[in-house]
Structures are given as C-alpha cells and as structure tokens.
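Subject: Handing over the model

Dear colleague,

I am passing on the structure that we spoke about, and my notes come after it. Please keep it open while you read.

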Amino acid sequence: MMKIEAIIQPSRFESVKDALREIGIEGMTVTEVRGHGRQKGHTEVYRGREYTVDLLPKIKLEMVLPDALANRVVDTILKTAKTGKIGDGKIFLSRVEEAIRIRNEERGENAL
Amino acid sequence: MKCVGWKCSFRLVLVLGAVLLAAVPLSAQQPPVSPAAPAATASAPTPEMHKAVTDKLAQLDKDVKAAQSAGDNAWMLTSAALVLMMTGPGLALFYGGLVRRKNTLAIMMQSFALMALITVLWALVGYSLCFGGNGPVIGSFEHAFLKGVGADPNPDYAGTIPQATFMVYQLMFAIITPALITGATAERMKFSGTVLFMTLWFLVVYAPLAHMVWGKGGLLNAVGGRFPCLDFAGGTVVHISSGVSALVCALYMGKRTGYPKVPMPPHSLVLSFIGACLLWVGWFGFNAGSALAASSLATSAFVATHFAAAAAALGWSAAEWLKNGRASALGAISGAVAGLVAITPASGFVGPMPALAIGLIAGVVCYLMVTKIKAIFGYDDALDAFGVHGAGGTIGALLTGVFAQTVINPIFGADKPAGGLDGHWGQVGNQLVGVLIAWGFALLGTILILKITDMITGVRVSEEHESDGLDITQHGEEAYNLES
C-alpha cells in the first residue's frame with residue numbers, strides 16, 4: 001500500500017478532486033494548510049506598515065491506495081494540478097505497513 | 001457655534017416675518033371692517049376689534065414658535081441619536097476591526113463602557129461643568145443633577161428646543177471624545193485603568209475645554225470670548241483634545257510588546273469598513289446637528305461635511321496609490337474619517353468648495369502623519385488616534401480661520417468678514433491661540449491624570465496578559481469562539 005500526500009494550489013482542488021473521482025478514487029482526506037517552498041510570499045501594507053506574508057494557503061490531499069493504483073493517481077494529480085507556475089506544490093509517496101478499518105477490523109488492502 | 005447671538009436675532013426676524021405674513025391675509029379676511037374703501041373705515045376701529053386682532057396675533061406668534069420648536073426638536077433628537085451611533089457601534093467597529101483578534105472585545109467594551117460611564121457623570125455634574133454658569137474656564141454647579149434642565153429652552157445655547165434636548169445632544173459629544181483616545185492605548189491598557197483615567201479625563205480636560213469654547217463667557221467662545229475661536233462642531237474640543245491626549249498616552253505607556261517587529265495587522269477590515277461608514281453617516285448629526293436647529297445652516301454644514309469626507313477619501317487614496325501602486329480599502333476609509341475630523345470645526349462656516357479643499361488637504365496630511373511621521377518618531381499610536389484626530393483636528397481648526405465665510409455664517413456680524421479669505425486674516429491667529437490652548441490643556445491634563453491613574457490602578461497590563469490578549473485577561477471572554 002502507498003500513501004500519497006499532495007500539496008496543491010487551492011484553485012486547482014476542484015479539478016483534481018473531479019479527475020480522481022473519474023478514475024475511481026473514492027476516499028481522500030483534505031486539509032487546508034499554509035506553507036511555502038520556493039514560492040515567495042507577498043507583502044501587505046496597512047497604513048504604511050508593510051507585512052510580508054510568506055506562508056500561503058494550500059490544500060493537502062492524503063490518500064492511501066493499493067500499489068497498483070498509485071501511479072495512475074500521481075499521473076492524474078500531475079495533469080490536473082499543474083499550472084506551470086512556481087507554487088504548484090508537491091507530491092510525496094510513502095509505503096504504508098498496515099491499514100485497519102475501525103468498524104469491522106478488516107486489515108490490509110481490504111480496509112482501503 | 002453652539003451659542004450664537006446672530007441666531008437669536010435671526011429667529012426674531014423669522015418669527016416677525018411669519019407674523020407679518022399671517023397678518024396680511026388676516027386683515028383681508030375682514031370684509032365688514034375693510035370694504036372697498038379702507039381709508040374711510042381705518043379711522044374708526046372699535047376696541048373689541050383691536051383686542052381680537054391682538055389676541056389673534058399673539059396666538060399666531062405662539063403657534064409659529066411651537067411649530068419651529070417642533071421642527072428643530074425633531075432634528076436635534078435625531079442628531080443626538082446619530083452622534084451616539086458614532087461611538088456604538090461606529091467607532092467600536094472601526095477600532096475593533098483594526099486590533100488583533102485577541103483584543104477585539106476589549107476595545108469595543110471600552111467604547112461601550114464610556115457610553116454608560118460618561119452618561120452617568122454627565123447627569124451628576126458633567127453637563128453643569130460644561131454649560132452651567134459663565135466663567136472663562138469652567139462652568140458651575142448651576143445644573144448639577146440636571147437641576148433646571150427640562151422642557152424650557154435655554155436661550156444662551158439653543159432658544160428653540162427644550163434644554164433637555166440640548167443637554168442630551170451635548171452628552172453624545174462627551175461620550176465619543178474619550179472613546180477616540182482608546183485608539184492610542186489599544187491592546188495594552190488595563191480596563192480598570194481605562195475607567196479611572198476616562199473619568200478623570202472627562203472632568204479635568206473635556207469639561208473645561210468644552211466650556212471655554214462653547215460655554216457662555218468661555219475664553220475661546222466665538223461670540224464674546226477673549227480669543228474668539230471658530231469651532232462649529234468640536235475640532236478643538238473633541239478632536240484636538242482627544243488626539244493630543246492620545247499621543248501623550250501612547251508615549252507614556254510605551255509600545256506594544258514586539259512593536260514594530262512583530263506583525264500586528266488588522267484582524268478584520270470588514271468590521272472597520274462598516275464602522276467607518278457608520279461614522280460617516282453619524283457625522284451628519286455631529287456637524288449639521290451643531291446648528292442646533294433644523295435650519296439652512298444645518299443644511300450647509302451637512303453638505304460641507306459630506307464633501308470634505310469624499311475629498312479626503314480621494315486624497316488619502318491618491319497619496320497611497322502613488323506611493324504603493326495600490327489604493328487600499330483601509331486607506332480610503334481612514335481618509336474619509338480624516339476629512340470628517342478636519343471639516344468638523346469648519347462645517348458651519350464654509351461652503352462646498354472650501355470643504356473640498358479642507359478634505360483633500362486633510363486626507364493627504366493625515367496619510368503622511370500615520371505613515372511617515374509616526375515611523376520617524378517611533379511612537380506606537382496603535383490605531384492612529386493622534387495621526388487622524390490630533391493632526392486632522394489641528395489642520396481643520398487652522399483652515400477654518402482661512403476659509404470661514406460670512407456669507408455662510410455671519411458669526412461676527414453681517415458686514416464683518418469671518419476668515420482669512422474673507423479679509424480677516426487675524427482669525428487665523430485666533431484659531432492658532434485656540435489650538436495652542438487646547439494642545440497645552442490636553443497635554444498637561446493627560447500627563448497629570450496618567451500619573452494619578454498609574455498610582456491607583458496602574459495603566460498597562462503585564463506582558464503576559466498582553467500576550468494572552470485583553471479579551472481573556474481583562475474581561476474573561478473571547479470575541480470569537482470558533483469551536484462552539
């Protein structure tokens with residue numbers, strides 16, 4: 001099983017979600033987050049005082065998938081989340097050892 | 001002016017005119033007395049007819065006065081309500097949005113507490129200290145506990161409305177003035193200290209200044225004062241006094257912890273935006289109401305007020321646009337408030353064109369005050385009470401001396417010029433004296449009161465409380481309970 005964490009532009013979120021649903025992804029966890037990579041923030045000016053805002057709002061998607069699906073999901077996210085500008089975000093993949101469904105204690109890929 | 005001799009004579013002319021007008025059809029309606037040849041019968045009016053006409057005239061005189069009083073009273077009660085709306089919710093929202101989230105309720109509560117506190121003080125002694133007696137510096141205890149303040153007009157101030165209306169209208173000014181100071185002490189002043197400071201400040205600074213400028217026999221009263229100072233609606237009494245006191249408070253208390261390194265952006269400009277719009281509307285009661293009658297002078301002040309606010313919003317925005325490449329919402333609303341401040345003393349003395357000029361100048365100067373001058377001196381006037389009210393009030397007071405027009409308000413007499421451009425440049429000197437006295441009074445009074453307050457309750461919260469926020473530490477509640 002693979003865990004996919006994708007940090008994307010908030011403006012791309014709806015498209016990414018729709019595309020993932022089309023390829024049959026049923027579940028995901030979404031968080032509104034703030035952060036920055038190479039993208040610079042912006043400055044705000046209030047009555048002459050400048051504030052640099054360098055933590056920008058992003059959306060974080062988390063999914064745990066059977067190995068076979070992982071590549072397709074990564075491709076889909078790449079295709080739909082990309083605007084070509086700095087600040088498009090990143091995708092992280094990691095291996096998951098176990099998954100358990102709380103309701104009936106199913107384990108492994110059955111629990112996904 | 002709050003009390004003006006010219007207005008009394010103006011009223012007299014009005015009443016006489018109305019009586020005359022009423023009398024003409026009256027004589028025409030007496031066909032048996034004056035038939036086709038009036039000259040023949042005019043020589044023999046019977047005593048009964050004479051009495052009937054006199055009675056009728058007296059009745060008409062009474063009716064005209066009652067009608068005028070009703071009109072004036074309606075406008076003045078409306079104005080009083082509008083001015084209260086400037087403090088709550090106007091100023092409370094304006095300031096509330098500018099502070100950080102953790103101090104929202106505290107700053108709103110300061111405005112609200114003043115609505116209650118000053119009202120009670122006003123009833124006990126405040127009104128009397130401002131408008132009782134005829135001393136040069138402070139009023140008397142003549143009207144303490146509102147003795148003698150009822151339905152009868154007080155001809156010294158407003159001869160056509162019940163004195164109780166005048167009293168409650170003036171109260172609203174006394175409420176907003178100390179509330180303006182809380183902009184400088186925001187995010188770090190104890191609530192107990194605020195209550196004590198404001199009580200003393202109202203008695204020691206506001207009451208004497210109000211009496212000096214507006215009170216009968218006052219040193220700076222435009223009519224009969226030693227230095228006749230033009231202040232239609234409170235440029236010196238309200239804005240210079242609060243603005244300068246605000247600067248003293250900011251210097252005495254020191255900067256907020258972390259200022260200017262830690263970012264302290266406004267937590268909700270939406271609140272500030274609504275507040276500023278309410279202030280703009282409320283200001284019509286403040287300035288046009290200061291005519292103390294539903295008169296053409298009230299209209300003139302209303303118009304001047306509106307035009308100055310608009311020009312100042314444009315002035316501040318343009319300055320900001322040139323400097324930053326953008327016009328911000330906060331800049332536009334701050335500019336409007338600065339223009340409203342600056343037009344306050346001038347509103348009943350100038351026409352629309354000078355009002356545009358005063359607004360534009362105030363918008364640009366106040367922008368420079370809060371962005372440049374504050375940065376150069378490094379004081380932490382948290383919400384720019386001094387930069388907007390102190391600076392705007394001073395500019396407005398001086399420009400009133402320049403622009404006042406006899407054609408708008410013949411304050412010194414119909415044939416005498418009012419301001420500099422009218423040909424009376426000495427008025428700018430009088431305005432300067434008024435400004436200096438108000439500055440000096442506010443400066444010394446506030447230092448003294450801060451020392452006393454510091455000894456009794458303390459002025460500033462601990463660093464820990466400041467960091468936790470005043471909502472929790474001073475009031476035990478939070479403005480936003482997002483989880484609940």
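Below is what was found, beginning with how the model is to be read.

This is a predicted model, in which local features need pLDDT of at least 70 and side-chain atom pairs count only at pLDDT 80 or more, while totals for chains, interfaces and linings use all residues. Residues are numbered from 1 along each chain as its sequence is written, and chains are lettered from A and ligands numbered from 1 in the order in which they are written.

In chain A, four strands (a strand is a DSSP run of E of at least two residues, a helix one of H or I of at least four, both numbered from the N terminus) make an open antiparallel sheet in the order β2-β5-β1-β6. Its edges are β2 (29-35) and β6 (89-95) of chain A, each of which pairs on one side only; pairing requires at least two bridges found by DSSP. Between β1 (residues 2-8) and β5 (residues 56-65) of chain A there are seven bridges, and Ala6(A) has Leu61(A) as its bridge partner in β5(A).

Turning to where the chains meet, six residues of chain A are in contact with eleven residues of chain B, contact being C-beta atoms, placed from the backbone, within 7 Å. On the chain A side, strand β3 (residues 42-46) gives the most, with three residues.

In chain B, helix α13 (residues 426-456) has 31 residues and should therefore span 45 Å at 1.5 Å a residue, which agrees with its end C-alpha atoms being 45 Å apart; the expected span is 1.5 Å times one less than the number of residues. After α13(B) comes Gly458(B), with a positive phi near 85°.

With best wishes

Technical notes. Two residues are in contact if their C-beta atoms, placed from the backbone, lie within 7 Å.
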